[in-house]
Amino acid sequence: MSRFTDIRVQTPVRTQPSLLPPVDWAAIGAKAPAPVNLKYEGPSAPLPAADIVMFTWTSAEWWAMDHVFLHGSVESEKESSTLIHKWLQYSKGAPSGTTQGGLLWGYYQLVDIQGTRVLLMKADAHLAHPPYITGLEDMVLAAVADARPKRIYSIGTAGGAAVAQRLGDVAITNSGLLKLDMTTNLASGLNGETFTSNWFPSFSLMAKAQQLFFPLNRLATEAALESVLTAAKNSKHEGAKELQPFSLSDLMNAAIDPANLGSPKAVNFQGTPLLTTDFYYIADSDTAYACLEMDDAAVGHTAAGAGLDFVFVRNISDTLVPAESPSKQAIPAEARDAWSSAIYEAYGGFTSYNGALAAWATVAA
């Protein structure tokens, strides 16, 4: 499983009990987001009004969003461990996901963060999956038409764009460059275009939010990484065969070294574009991008066309994977992809926890 394949969720997100740590809002002098009661009238009904629409994408990201914004506070942990929370489906005017089954758009909830109403949405339309860029744009426009927000957020997992980006760090930017490969998407004429918002959020609460970040060295120990690698080699996933010759020392770099994972941080990349692709791309050496992901520049293009500000909050869920081992043995692309996917599958929910907290900090500031 990777950022590319972890796209559609047909069951409710996990709630209690959670593997994620409870959010101790009181420890940073903050209050948990307050759920807003809604009269739900079905998936074809309009979305409620909101100041911000905040999209997230994969199941790992959705789990973390639910935890941080709805059910992961210290107080919520006291609730019954059998709590089942179903988000509200939204498919007004949505097409079928074709090969994925069911109608698109996604699931939502509404929360209040210090007087700002935030519509949380697990999005089911994606740049790299049918109906591709038109479906993604139509989903954003549908949410904008109903909720009438002032700003659009896209939050979630990303690939590291440089070795200095460590597992669990968060990149925040207001700019995205679109790099397209699929014929359907190339027809949009947007390939190579960069979209930048004139607005950028305050970081005044980020230091407090970082106090609650999950240090990935608690889980990604050397022994644990060895186990992740062994499981990846023994899996039926693509690239498992190509991964066989390589040891953890061949794949290790500063971005994944447990010694560097104890203090995850959110980094201000204002004006520096992230790279949005419609294919799974991981870096093998340092790039100039804020991070690497698969939707945001198209979301920014659509938001800008609607006259809205936008920002992208992306957690580093899979880090840069070198193209060669320390002994100069070439690491094939298939092996690199398999290792990247294994890291995402093992730790993507925990890195997404940091990303959701960072997003909260920019809204609450």
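Is Glu293 buried or exposed? With a relative accessibility of 3%, Glu293 counts as buried. Keep in mind as we go that this is a predicted model, and let's use that glutamate as the way in.

Glu293 sits in strand E12, which covers residues 292-293, and its partner Arg314 belongs to strand E13, 21 residues apart from it. Their side chains meet in a salt bridge, with 3.2 Å from N to O. Arg314 is buried too, at 2% relative accessibility. Now look at what else Arg314 holds on to: its side chain also forms a salt bridge with Glu61, this time at 3.9 Å, N to O. That pair links distant parts of the chain, since Glu61 is in helix H1 (residues 59-71) and Arg314 is in strand E13 (residues 309-318), 253 residues apart. Glu61 is another buried residue, with a relative accessible area of 3%. Add Asp296 and you have the whole group: Glu61, Glu293, Asp296 and Arg314 are linked in a network of salt bridges. As a reminder of the chemistry, side chains of opposite charge can pair when their charged atoms come close.

It's worth pausing on H1, the helix that brings in Glu61. This helix is mostly covered, with 12 of its 13 residues buried. Among them are Trp62, Trp63, Met65, Phe69 and Leu70, but also Asp66, His67 and His71.

Searching the whole structure turns up 8 salt bridges. One more to look at is the pair Lys122 and Asp124, whose side chains meet at 2.8 Å, N to O. Here, too, both partners are tucked away: Lys122 has a relative accessible area of 0% and is buried, and Asp124 is buried with 2%.

Next, the helices. How do H2 and H8 cross? Helix H2 runs over residues 132-147 and helix H8 over residues 296-305; their axes come within 9 Å, at a crossing angle of roughly 50°. The two are therefore oblique to each other, and the crossing is right-handed. On the H2 side the contact involves Ile133, Leu136, Glu137, Val140 and Leu141, and on the H8 side Ala298, Val299, His301 and Thr302. Sorted by class, that gives 6 nonpolar, 2 polar and 1 charged residues. If you're following the side chains along either helix, recall that an α-helix has 3.6 residues a turn, so residues three or four places apart point the same way.

Then compare a second pair, H5 and H9. Helix H5 (residues 222-234) packs against helix H9 (residues 333-364) at an angle of about 120°, with the axes 10 Å apart. That makes H5 oblique to H9. Right-handed is the word for the crossing of H5 and H9. From H5 come Ala224, Leu225, Val228, Leu229 and Ala232, and these meet Trp339, Ala342, Ile343, Ala346 and Tyr347 of H9. In the contact of H5 with H9 there are 10 nonpolar residues, with no polar and no charged ones.

H9 spans residues 333-364, so stay with it for the next stop. Where is Phe203 found? It's in the loop between strand E9 (194-196) and helix H4 (206-210). The C-alpha atoms of Phe203 and Val363 are separated by 9.6 Å, although the two residues are 160 apart along the chain. With its neighbours within four places in sequence set aside, Phe203 is in contact with Ile172, Ala266, Val267 and Asn268. Even with those contacts, Phe203 counts as partly exposed, at 23% relative accessibility.

Finally, a few spots for anyone who likes to check the backbone. Most residues other than glycine have a negative phi, and most peptide bonds are trans. Which peptide bond is cis? The one joining Pro130 and Pro131, with omega at about 0°. Pro131 lies in the loop between strand E5 (116-123) and H2. As for phi, Gln114 has a positive value of about 55° although it is not a glycine. You'll find Gln114 in the loop between strand E4 (106-113) and E5, where it counts as exposed at 58% relative accessibility. Arg148 is another non-glycine with a positive phi, about 50°. Arg148 is in the loop between H2 and strand E6 (151-159), and it is exposed, with a relative accessible area of 58%.

Notes:
Residues are numbered from 1 along each chain as its sequence is written. This is a predicted model: local features need pLDDT of at least 70, side-chain atom pairs count only at pLDDT 80 or more; totals for chains, interfaces and linings use all residues. Side-chain values use heavy atoms; hydrogens and water are left out. A salt bridge is a side-chain nitrogen of Lys or Arg within 4 Å of a carboxyl oxygen of Asp or Glu. Helices (H or I, at least four residues) and strands (E, at least two) are DSSP runs, numbered from the N terminus. Buried means under 20% relative accessible area, exposed over 50%, partly exposed in between (1.4 Å probe, protein chains only). Axes are lines fitted to C-alpha atoms, for helices over the stretch in contact, and angles run from 0 to 180 degrees between N-to-C directions. Angles under 35 degrees count as roughly parallel, over 145 as roughly antiparallel, 65 to 115 as roughly perpendicular and the rest as oblique. A crossing is left-handed if the near helix is turned anticlockwise from the far one by less than a right angle, and right-handed if clockwise. Contact means heavy atoms within 4.5 Å. Ala, Val, Leu, Ile, Met, Phe, Trp, Tyr, Cys and Pro count as nonpolar, Asp, Glu, Lys and Arg as charged, and the others, Gly among them, as polar.
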